[in-house]
Structure formats: C-alpha cells, structure tokens
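Subject: Structure for you to look at

Hello,

Here is the structure we talked about. Please open it first, then read the notes below.

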Protein chains: 2
Amino acid sequence: MTERVVPEPERKRRRPTKQGVVLSAELIVDTALRLVGLHGAEALTVRRLGAALGADPSAVYRYFHSTDDLLIAIADELIGRAQHGWRPTGDWRADLRAIGLRIHAAYQAHPQAALLAAHRTTGRANEITAVENILGILRNAGFPDPEAVRIYHAFVDQSLGFAVLDAAALALPSAALSADYQVWQASYARLDATTHPHIAATAHLLTADMNRSAYPHALDLLLDAAEARLGRSGG
Amino acid sequence: MTERVVPEPERKRRRPTKQGVVLSAELIVDTALRLVGLHGAEALTVRRLGAALGADPSAVYRYFHSTDDLLIAIADELIGRAQHGWRPTGDWRADLRAIGLRIHAAYQAHPQAALLAAHRTTGRANEITAVENILGILRNAGFPDPEAVRIYHAFVDQSLGFAVLDAAALALPSAALSADYQVWQASYARLDATTHPHIAATAHLLTADMNRSAYPHALDLLLDAAEARLGRSGG
DNA sequence: TCCCTACGTCAATGCCGTTGACATACTCTG
DNA sequence: CAGAGTATGTCAACGGCATTGACGTAGGGA
C-alpha cells in the first residue's frame, strides 16, 4: 500500500467528490465538530461523517489514519480555539485565570467533543503554543523553574480535568441529563437526617451548587495557593 | 415484555448457565473490571463479557438494562473500593488528603474502567457515603455551610478530573503509550529556544514532571487555600 | 406434583471501523 | 496541449458490535 494519508501541507490534487465537495483536513474537523454538536458524541461515526461531508465514508481515511487520529486533530483544534485572540496583560494571576477560563469555555462549547478529546495529548502546534504561553506567564511572574513547571502541570491538568467532568454533565443525552438532576433532587435532597446529617443539613446548598461548574472556584483556590507560595519564596 | 431486569435483592431463581456458572450483578461487575484490566477498555464488550463469564452475551441484559447501566454500577463499585477501610482521624486536612488520594488511587488501579466511569454521577450507595463523609469532615473542621459545600464540590470534581486524565495516560494502549512519551521527548524536548524560550529553558524539568501525576501537588494547593480561608473566617 | 415464570439461549437486525481493489481526474512534464 | 503517473474518491466486503424478540427449561412456590 502506498501510504494512504498525505500530509496536508503537501496536498496538490484536490479532487471534488461525486457530490461536488472539495475535502480537506480542516473541513473534516469542522464538520465533525458540527456533527457532534448537533447530534451528540454517538453521532461521530465515519459513516455519518461521510454523509455530512457529502463523500464516501472511506474518503476520511485519505486524511486521517483512523478515527483516533481524527480525534487528536479535533483536540488540537479546541485548544487552538481556546487561545484565539488572547493577549497577555502582564498581570500573571489575571492572565492565568483568563487562560484557564478560556480553555474550560472552549471545551464547554463542544461538550460532546470535549468528552472524547480533552484527555488526549496532541503534541501539535496549538498545544505547544499553549504550553509556551503558560510557562512564560509563570516564569515571568518570578516562579523558579521547578516550581513553575509543577504549577504549570497542576494548572493544565486541572483545567482539562474539569473540562472533562463538566462536559460530561452537558453532554449527557437530554433524557439522562434531567435524570442526573433528578438524582440529586431525589436521592440526596430527601436523605434522612439521622443517617446522613451532613447531606441533610446542606441539601439546599448542594442542589444549588451542583448545577454550576466548580471550576472557577477551584481555579481561584489554585491561584491563591500559588500566590502565597510566590510571596513566600520570590518576594 | 415482562421487564427484562429483576432488581438484585428480589432475585430468587439462580439458574446456572450451560457452562455451570451462577450469575449475579456482582459477579458481572467484577468480571467486567477484570476483563478491562487485563485487555483494556476496548475489551469491555457484551460479547466478550459473556465469554469471560461463561454465559451467553445476552444474559447480561437480565441484570443490566444496557452497557451504560453496567458502567454506572462499575463506577459505584470503584467509589466503594476507594473508601473501603477508611476511618477519620479527626485532622480535617489529613483526612481530606487521604480521601483524595484514595479516590485517585482507586481509579488508577483500574484506569481503563476509570476512563469510562469516573465522570458519571451514580447516585448509588457508595457515592452517597462518600459525599456524607467529605461534607462531614469540612463541617466539623469549622467551615460554614456555604463554604463547606463549595470546597466539597471543588475537591470532588478535582479528584475525579485528575482521575480521568491520569487514567487516560495509563490506559493508552501500550503502542500509543510510548508514543505519548515520545511526543514529549520528540516534540517538546527539542523545540528551538528562539521560538519557544520557556519550553526550551525548562524542557528537562518538563519531561521529568509530565511522567508523574500532578494530582498530589494540585491537592496540596487546594488544601493550602482552604486552610488559609478557614484561618481567615473561622479562627 | 404441577404450575408459573425467571432467566439462559438462540438467531436476527442494523449498525460500526477499516481495508483492498478499482477508476478517474488532477498535476506535471515535455 | 498530449500523455504519464498517481493522488484521491468510490465500492464492496469483512468481522465485530449492542440490542431485542421468541423460545424452552429448570427452579421455586403451592
């Protein structure tokens, strides 16, 4: 077999499909994101993707080695969107907070795709840019390199971890979605105070809080702690 | 159709399969965990599960409505294992740290299953116990209820979020696993210092740190920040 | 001992990803 | 502008997947 996939920058011949569509890796990624946004994660199949593109399903394999390969491309696209238009302000804490919220938001905008992609390391251009930016903020803030790297790691994984969990909540098929809320209302809100005193005492607060993402709060806690350490060591 | 699934506590007739195995929900969950541990997440199919059990695949549907239903049961089982044998010491910070590490460890012990299950809310017995325990620790420590609930939420979601990410790293098929490491070695370790100064300056630290979980560090940061707030408001 | 039905089994349906062979239309060379 | 070479779209086929309806049998209750 001559290699089935030709790297995008080397592509010369762009031959339209029977239905007149000119394919590209970018078009396929965008279509996949749209498909998944419209019909859920379970709609992301090669066959449906082909139909949505207006091409034979197997044409996808001329651009990606496998569905997993496509997923990596989707992941990098989401990271790219998170950074689009971002500029540093010079205030390390505000910058880090903004990047964290942007990453989280970019994945929440495509929860079904986030669920599939957020835990993948892409090693591609957009990911590398993000790493460079975040490390730069921390080092310029005055964190010594070992500390900068450790905080970078915790910060990024925290962002992505919350992105996965919160995406999961959004991505549940609407039937299961309301079921998930019912779980809290039904199972937790009416537990007996003698067997579960702490849940019973805070049930009203819990049901309110579980409907929101805990990420902004968790992010602030992380930044609080980082700032305290900077004050201790650096300043 | 008479309902296909009979709730476990009401089961009376335990009829062995052709191969002489007596099925139960518990046996199926354990077998699924073993299967997934031995052969990866992609081995968790109803057909293989049937084979591993010594039963017709469709027998599983006498115990679970769907594979998703089975997944919820697996998730609750993992939460249960995380708490098995745990006892509070009275030191809120040590207790919370221990629970966080236990949750993380329980999922890391079954990374393939964790990847499938960690983002699901089960609403089942083991999950409820965990919620009650964590809330109790925070309220007894002196956190006011609204703060206790907010920290609880951030703490739990952070634990599960890192569990997912770290499970993903462990669960990659070994081919992709080394590939993931290669990504760091190849893509990051040799980036040009003029285009990516911060990555280049910390490459040696990065490659060392990315091989570990950032969870313990992130957990300590969260506990630091919580403790600081407690000192400010409560004491 | 007989009835009832829970539960294991079987077979069928319509999906899925992936691949090898094929055909065609694009680009490149002269 | 003609012909060659091949990139890329298409087709058909494979084996595997979850799920379900029908069936029969064995276990428990009377």
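The axes of helix α7 (residues 145-171) of chain A and helix α9 (residues 197-209) of chain B come within 10 Å and cross at roughly 50°. Axes are lines fitted to C-alpha atoms, for helices over the stretch in contact, and angles run from 0 to 180 degrees between N-to-C directions. Helices are DSSP runs of H or I with at least four residues, numbered from the N terminus. α7(A) and α9(B) are therefore oblique to each other (not under 35 degrees, over 145 or 65 to 115). On the α7(A) side, the contact includes A:Pro146, A:Val149 and A:His153, and on the α9(B) side B:Leu205 and B:Asp209 are among the residues (contact: C-beta atoms, placed from the backbone, within 7 Å).

This is a predicted model, in which local features need pLDDT of at least 70 and side-chain atom pairs count only at 80 or more, while totals for chains, interfaces and linings use all residues. Residues are numbered from 1 along each chain as its sequence is written, and chains are lettered from A and ligands numbered from 1 in the order in which they are written.

Now the DNA. Strand D is surrounded by 28 residues, counted when the C-beta atom, placed from the backbone, lies within 6 Å. The closest are A:Val6, A:Lys18, A:Ser58, B:Thr45 and B:Ser58. Helix α2 (residues 46-53) of chain B gives the largest share of this surface, 3 residues.

An unreviewed UniProt entry annotates residues 45-64 of chain A as "DNA-binding region"; such annotations may be inferred rather than shown by experiment. That span is 40% helix and 0% strand.

Regards

Notes:
Helix = DSSP H or I, 4+ residues; strand = E, 2+ residues; numbered from the N terminus. Contact = placed C-beta atoms within 7 Å.
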